[in-house]
Amino acid sequence: MSDELPVCVYKSQPVLICPEKPTPKCSLYLSNIDNLNFLRYHFELLFVYRKSIPIEDLKSSLSKVLFHYYPVAGRIRNCAENEDRLEVDCNGEGALLAEGFMDFTVDEFLKDNTWLNMGWKDRLLFKVDAQSDLEILPFRIQVTYLSCGGMLMCITMYHCMMDGFGGSKFLHDWAHLHTKPNMDLPIPPIHNRELLKPRIPLEIPFDHPEFTDVTQDFDLPTYLQSQQLAPSCLSMTESHIQCLKVLCEPSLKCSTFEALASHVWRCYIKALNLPSSLKIKLFIPTIMRTKIEPNLPKGYYGNGFVLSCVETTVQELVTAEMNHVVKLIQEAKRRVRSNDYVRSVIDIIEEKRVQPVMSTTLVISDWVTIGFEKLDFGEGKPVHMSQLASEAWCIFLPPTSDSNAIKVLVSVPKKNVHDFESYMMNDF
């Protein structure tokens, strides 16, 4: 991986892109799930295209889509009546768009995983001076034009406003209006987050291990914060994944995600060489859009997931057979997939003001089926897409080539990267 990063030249200041027509001026309620503390950050998406799109055309189509998604052109703020909660001030002030130029090519960017270099963040996202996340705009984009005629698009969205599915819908609707400016959106966005309001009276019939802390001598987040983290991105081919599934058969059928998540979690924990008695958790954001009653409408772009929580110990995880770990994941996912459970999550957050306990947790999020890799503004799909920097979550990225390999992106302490990657590719 090259340490030499080219300079990004800005010939003008970033501009605010406002909705093309007047939009409602109001406050938008954010659900209890939207308001979870661990979603109060910007997730950053990187798209690499062989052919570029003129900046003025992107500005025009962005203005069109912001008319439909007017909260995205607003600002996040604390609620006046409860400063612990967030809401959206739908003021139409706009999204920030920056234009950069770089003497670099797509092939150079992708060669030997050069794109993994953590220094790219400062080159591909125009820096915004802010005292807190709330002062950073909910939606920012930088388009960087390359000397080969290609372009890099780095997009950042505030997670409390939308999850991966919502973000993908927004971006695909932008691309739709870019290529078909005179056509309506296939499915209009649904802004109403009150679909996920707490019940009256509140009901909490389930235990919620994702909100339960356990006192232990070892604090994993503190340890990780003390380490220099390095990103790792490994391509897991169909052959790799089939080998993992075979370890579960014939006694247990499992999905690609379940097999790969089991393997990643075990390799990650094994590489960290943690105390064997340490109690650990795996969080899996699990879509509940069709499990809640009534179902969330297709146009809903807010956070529509709950956390499946798998609990075990380091010793059990690293010594157990693959099918045992897969069973734990399947049971955790099955447990949360009901209307009663989802409503119980919403109600316990309301009553007890609880937050997910991240102290001994890895979060694995599946982006393989979200559709980011299909984002086409008229000059072809991206040849690469990923998160720009994944320091918090492990992400499964979709294939963007003919290989059909799933990419596993996760940050690991630098001293443990070699062990992690060795376990991932050889510990079957």
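**Exercise 1. Decide whether Ser255 of this predicted model is buried, partly exposed or exposed, and describe its surroundings.**

Solution. Start with accessibility: Ser255 has a relative accessibility of 28%. Buried would need under 20% and exposed over 50%, so Ser255 counts as partly exposed.

Next, place the residue in the chain. Ser255 sits in the loop that links α6 (238-246) to α7 (256-272).

Then look for partners beyond the four neighbouring places in sequence: Ser255 touches Lys245 and Lys333. Finally, compare sequence with space: Gln330 is 75 residues away from Ser255 along the chain, yet their C-alpha atoms are 9.4 Å apart.

**Exercise 2. Follow the contact from Ser255 to Lys245 and work out whether Lys245 is buried or exposed.**

Solution. Lys245 belongs to helix α6. Its relative accessibility is 18%, and the limit for buried is under 20%, so Lys245 counts as buried.

Now list its contacts, again setting aside neighbours within four places: Lys245 meets Cys254, Ser255, Thr256 and Ala259.

**Exercise 3. Describe how α7 packs against α9.**

Solution. Two numbers come first, since a packed helix pair is described by the angle between the axes and the distance between them. For α7 and α9 (residues 322-336), the angle is about 115° and the axes are 9 Å apart. The handedness comes next: this crossing is right-handed.

Now see who takes part. On the α7 side the contact is made by Phe257, Glu258, Ala259, Ala261, Ser262, His263, Trp265 and Arg266, and on the α9 side by Met322, Val325, Val326, Ile329, Gln330 and Lys333. Sorted by class, the contact holds eight nonpolar, three polar and three charged residues.

Two links to the earlier exercises are worth spotting. Lys333 of α9 is also a contact of Ser255, and Ala259 of α7 is also a contact of Lys245.

**Exercise 4. How many disulfides does the structure have, and why is Cys18 not bonded to Cys90?**

Solution. Searching the whole structure gives zero disulfides. Check Cys18: the closest cysteine sulfur, in Cys90, is 14 Å away, which is too far for a bond. Cys18 is partly exposed, at a relative accessible area of 34%.

Then check Cys233, which is in no disulfide either; the nearest cysteine sulfur belongs to Cys394, at 9.7 Å. With a relative accessible area of 9%, Cys233 is buried.

**Exercise 5. Find where the prediction is most and least confident.**

Solution. Begin with the whole chain: the average pLDDT is 93, and 97% of the residues score at least 70. Then go element by element: confidence is highest in helix α1 (residues 55-68), at 98, and lowest in helix α5 (residues 220-225), at a mean of 82.

Key:
Residues are numbered from 1 along each chain as its sequence is written. This is a predicted model: local features need pLDDT of at least 70, side-chain atom pairs count only at pLDDT 80 or more; totals for chains, interfaces and linings use all residues. Side-chain values use heavy atoms; hydrogens and water are left out. Helices (H or I, at least four residues) and strands (E, at least two) are DSSP runs, numbered from the N terminus. Buried means under 20% relative accessible area, exposed over 50%, partly exposed in between (1.4 Å probe, protein chains only). Contact means heavy atoms within 4.5 Å. Axes are lines fitted to C-alpha atoms, for helices over the stretch in contact, and angles run from 0 to 180 degrees between N-to-C directions. A crossing is left-handed if the near helix is turned anticlockwise from the far one by less than a right angle, and right-handed if clockwise. Ala, Val, Leu, Ile, Met, Phe, Trp, Tyr, Cys and Pro count as nonpolar, Asp, Glu, Lys and Arg as charged, and the others, Gly among them, as polar. pLDDT is the predictor's confidence in each residue, from 0 to 100. A disulfide is a pair of cysteine sulfur atoms within 2.5 Å.
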